[in-house]
Amino acid sequence: MDELRKILARRVREITPDVVAWRHRIHENPELSFEEKDTSALIEEVLRESGIDAPRRIGRSGTGLCAQVKGTAEGPGRCVGLRADIDALPIQEQSGVPYASKKPGVFHGCGHDSHTAILMGTARLLSELRGHFSGCVKFFFQHGEERLGGASEFIEAGVMENPHVDGVMALHALPDIEVGEIGVRDDFMTAGVDLLKITVEGKQAHGGYPHYGVDTILAASTIVTTLQTLGSRELAPTDCALVTFGRIEGGISNSYIGGPVVLEGCIRYLRKTTQELFHRRVREIAEQVGGGLRATVSVEIEPEIIPTAVDRQWVDRVRRAARGVESVKRVVELPSPAMGGEDYAYFLEKAPGALFRLGVRTPGGPHCPTHSINFYVDDRAIPVGMEVLAAATLDALRSEERE
Ligand SMILES: [Zn+2]
Ligand SMILES: [Zn+2]
């Protein structure tokens, strides 16, 4: 291991108690999307103490922060962007940790408290090590991820230019893997999501005389079940996409049929061609299946978020960095992307980069899924995330190979 990596490993060990304390403070005082006032104030205070210039405030709420550390060594002069999301969820925590949320109904149930603390720690480390690299690091403390929109506000604020960002990296907690494990993939990490609304209209009739009407509930349920054949019969078995309905509303009463029925759901996909296929076929199937049952069907599809498409070269950088970190037991090649959405995708649309998964489950402990009431991050994951992120960043800034 080179000298710099040894210094980094030692400093990670030394600052970990502080970083864990920051995490606990953020966890105790979680803030919802676009309301991250105290969180951003704490980040600002820690950045100042770390010798970093005052960050720029981002977004309508002014709760996103963009800070910068310039390297003072000679070298290729690249710019790397590191992103952490800082917001919490409207969930009542029941994890039982001593630093549990003090705010009823608000909880860091997605691990963004750990992401934030890890990036604060990484900023402190890279600020100390600025004599060892050229170029600069931008730190994106992104507000409003859970409700989406924060990443777009960063992009609109021009954070990817002046200086131009050559690559971006981020991590996300994953309770499916243990502390000491880092999860990676080469293509997609999360899905694209389009919102779907299907309205089925028919003709009202008494249930005893269905032949006088058009049954919208029968048509709507046939549409729901038929659309499930898209994933199993029109998509290559090696690809991944879903049509899911989360809400049905409609009907009149026990004895009447034919009132309008509205189906609300979403399409989740990875590839652009799959998105196009699903848009076309959802419309065709809904209109034709509904039409075949004499109902009138209208379909509305509204894109919500694009997939996170990572770059092989940057993921390799994370793999290499992770293998050099003593506390990393294993680099896990994740068998499939997560089919949830993640707005970090908009940073990846502007620059190549990586998103990796940080194992947060206590070895041998229970599996507590993200967004659940008992979601749990083992503090021992914090130094692991910090060291991998900082090491991969140093590699990107110091590497002599052309990007
Ligand atoms: Zn989440
Ligand atoms: Zn999250």
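This report walks through the domains, a sheet with its helices, and one helix pair in a predicted model.

## Two domains

Let's start with the overall layout. The domain assignment splits the protein into domain 1, made of 3-190 + 307-398, and domain 2, which covers 192-305. Measuring between C-alpha centres, domain 1 and domain 2 lie 39 Å apart.

The two domains do touch: 9 residues from domain 1 and 8 residues from domain 2 take part in the contact. On the domain 1 side, these residues divide into 6 nonpolar, 2 polar and 1 charged.

## An open antiparallel sheet

Next, the sheet. Here 4 strands line up in the order E10-E12-E8-E13 to form an open sheet, and their pairing is antiparallel. If you trace the sheet from side to side, you will find strand E10 (241-250) and strand E13 (296-305) at its edges, each pairing on one side only. From one strand to the next, the twist averages 20 degrees.

As a reminder, the strands of a sheet pair through backbone hydrogen bonds, in either a parallel or an antiparallel way. One pairing to look at is that of E10 with strand E12 (residues 261-269), which is antiparallel and runs over 9 bridges. For a specific place to zoom in, try Ile248, whose bridge partner in E12 is Leu263.

## Helices on the sheet

Two helices to view together with the sheet are H5 and H6. Helix H5 (residues 216-234) packs on the sheet and touches strand E8 (192-201), E10 and E12. The direction of H5 makes about 170 degrees with that of E10.

Helix H6 (residues 272-292) also packs on the sheet. Its contacts are with E8, E10, E12 and E13, and the direction of H6 makes about 160 degrees with that of E13.

## Where H1 meets H9

Finally, turn to a helix pair. Helix H1 (residues 3-28) packs with helix H9 (residues 381-398) at an angle of about 135 degrees, and their axes are 9 Å apart. That angle makes H1 oblique to H9. The crossing of H1 and H9 is right-handed.

Which residues bring H1 and H9 together? From H1 come Leu4, Arg5, Leu8, Ala9, Val12, Arg13, Thr16, Val19, Val20 and Arg23. They meet Ile382, Pro383, Met386, Glu387, Ala390, Ala391 and Leu394 in H9. Sorted by class, the contact of H1 with H9 has 12 nonpolar, 1 polar and 4 charged residues.

Key: Residues are numbered from 1 along each chain as its sequence is written. Chains are lettered from A and ligands numbered from 1 in the order in which they are written. This is a predicted model: local features need pLDDT of at least 70, side-chain atom pairs count only at pLDDT 80 or more; totals for chains, interfaces and linings use all residues. Two strands pair if DSSP finds at least two bridges between them. Axes are lines fitted to C-alpha atoms, for helices over the stretch in contact, and angles run from 0 to 180 degrees between N-to-C directions. Two residues are in contact if their C-beta atoms, placed from the backbone, lie within 7 Å. Angles under 35 degrees count as roughly parallel, over 145 as roughly antiparallel, 65 to 115 as roughly perpendicular and the rest as oblique. A crossing is left-handed if the near helix is turned anticlockwise from the far one by less than a right angle, and right-handed if clockwise. Ala, Val, Leu, Ile, Met, Phe, Trp, Tyr, Cys and Pro count as nonpolar, Asp, Glu, Lys and Arg as charged, and the others, Gly among them, as polar. Domain bounds come from an automatic or database domain assignment.
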